[in-house]
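Got a new model on screen and wondering about its cysteines? Let's go through them in plain questions and answers.

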Amino acid sequence: MKLRRGFTLIELLVVIAIIAILIALLLPAVQQAREAARRTQCRNHLKQIGLALHNYHDNFNQFPPGAFWALPNTTPAAVNCIGVTHQKGSILVHLLPFIDQAPLYNMWNFSLCDADTSTFPSSTTQLRTTKIAPYFCPSESSPPIGSGGWPVHNYAACFGPQRTGGATGNGACPCSAAPFDQWNLPATGNNGAPGMFTRAYRTSAIRDNTDGTSNTIYFGEVRPNCSGHVNAGWANSNNGQGLTSTVIPINYNSCDTSAATGASPADCSRRCNWVTELAYKSQHVGGCHILMGDGTVRFFSENISMAVYSRLGAKSDGVPVEVP
């Protein structure tokens, strides 16, 4: 009679240990592959925004402003709206027809004096609450809905090399802008900004980009969890579009979401500070994706020279620099 020999407990434990080691070795590779795929998708979203910008320019001979925010009473859009805040959407709203979202764009009621906060018909409310896939980076871990109830976004237009939000930021959540002022450059052209975009309704065109489109930043990645403005939602006029600056280092940590009470005047780590929150940042290791004016998307290291990075945000400072 032959006896069948099975696995001993020790042999079984050895096999389990080997399998566990193999899984541990393979898991980082799988995670890296997934992140590589997410980075590729994120880069493609910025490329799509770049195409939309240039298609808009082809139609109107200018780019849209970063946002239609606080229009003065003298503009045609505001002449019948004296005494109210005029907000008519971010640049991400006005690019909708050029990313295959024309039906959604047509739902927006731009005849309202304040198209951001006025009482909307149901169709326009849908626009405010709709998630637009090309405006989200798949690597982002922030909640998809911001604190105000609007879907957030991961890409913002570039104001250029000048700090925004005042010298001390939000009074309730202060941040000293002095350390970053050394990279400030003056505004050029007719849009009141050193870069290509501003939220203050003014526009620019390719002809204003005398430093060259391949040497000028147009858009880049932002993080809702690290910026009170970005957290306001992609359709909001005051959501950081045309405010995002290139004088704050890439991936500067402004992700502290705790209450502002007791904040130090030098504390720039809170997302409500209005200074370091308005900067390009991502969850990609080592840097973030940036859209240049010629439509190319580059990955900028968070260790890039600030002297170079700040000037790459300028459209016409007369000192064109190349991406390292």
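What follows is a short chat about the cysteines and how each label is earned.

This is a predicted model, where local features need pLDDT of at least 70 and side-chain atom pairs count only at pLDDT 80 or more, while totals for chains, interfaces and linings use all residues. Residues are numbered from 1 along each chain as its sequence is written, and side-chain values use heavy atoms, with hydrogens and water left out.

Q: How many disulfides does the structure hold?
A: There are three. The term stands for a pair of cysteine sulfur atoms within 2.5 Å.

Q: What makes Cys173 and Cys272 a disulfide?
A: Their sulfurs sit 2.2 Å apart, and the cut-off is within 2.5 Å, so the pair counts. This link joins distant parts of the chain: Cys173 is in strand β5 (residues 173–174) and Cys272 is in the loop between β7 (244–245) and β8 (287–292), 99 residues apart. Strands here are DSSP runs (E, at least two residues), numbered from the N terminus.

Q: Why is the disulfide of Cys173 and Cys272 called right-handed?
A: Because the torsion about its S-S bond is about 70 degrees.

Q: Why is Cys173 called buried?
A: Its relative accessibility is 0%. Buried means under 20% relative accessible area, exposed means over 50%, and partly exposed is in between (1.4 Å probe, protein chains only). So Cys173 is buried, whereas Cys272, at 23%, is partly exposed.

Q: What makes Cys175 and Cys268 a disulfide?
A: The S to S distance is 1.9 Å, which fits the definition, so they're a pair. Cys175 lies in the loop between β5 and β6 (217–221) and Cys268 in the loop between β7 and β8, so the link ties together parts that are 93 residues apart in sequence. Cys175 is buried at 0%, and Cys268 is buried at 7%.

Q: How do you know that Cys226 and Cys255 are joined?
A: Their sulfurs are 2.0 Å apart, so they meet the cut-off. With Cys226 in the loop between β6 and β7 and Cys255 in the loop between β7 and β8, the pair ties together parts that are 29 residues apart in sequence. Cys226 has a relative accessible area of 1%, so it's buried, but Cys255, at 28%, counts as partly exposed.

Q: Why is there no bond from Cys42 to Cys137?
A: The sulfur of Cys42 is 3.1 Å from the one in Cys137, its closest cysteine sulfur, and that's too far for a bond. Cys42 is buried, at 0% relative accessibility.

How values were computed:
Helix = DSSP H or I, 4+ residues; strand = E, 2+ residues; numbered from the N terminus.
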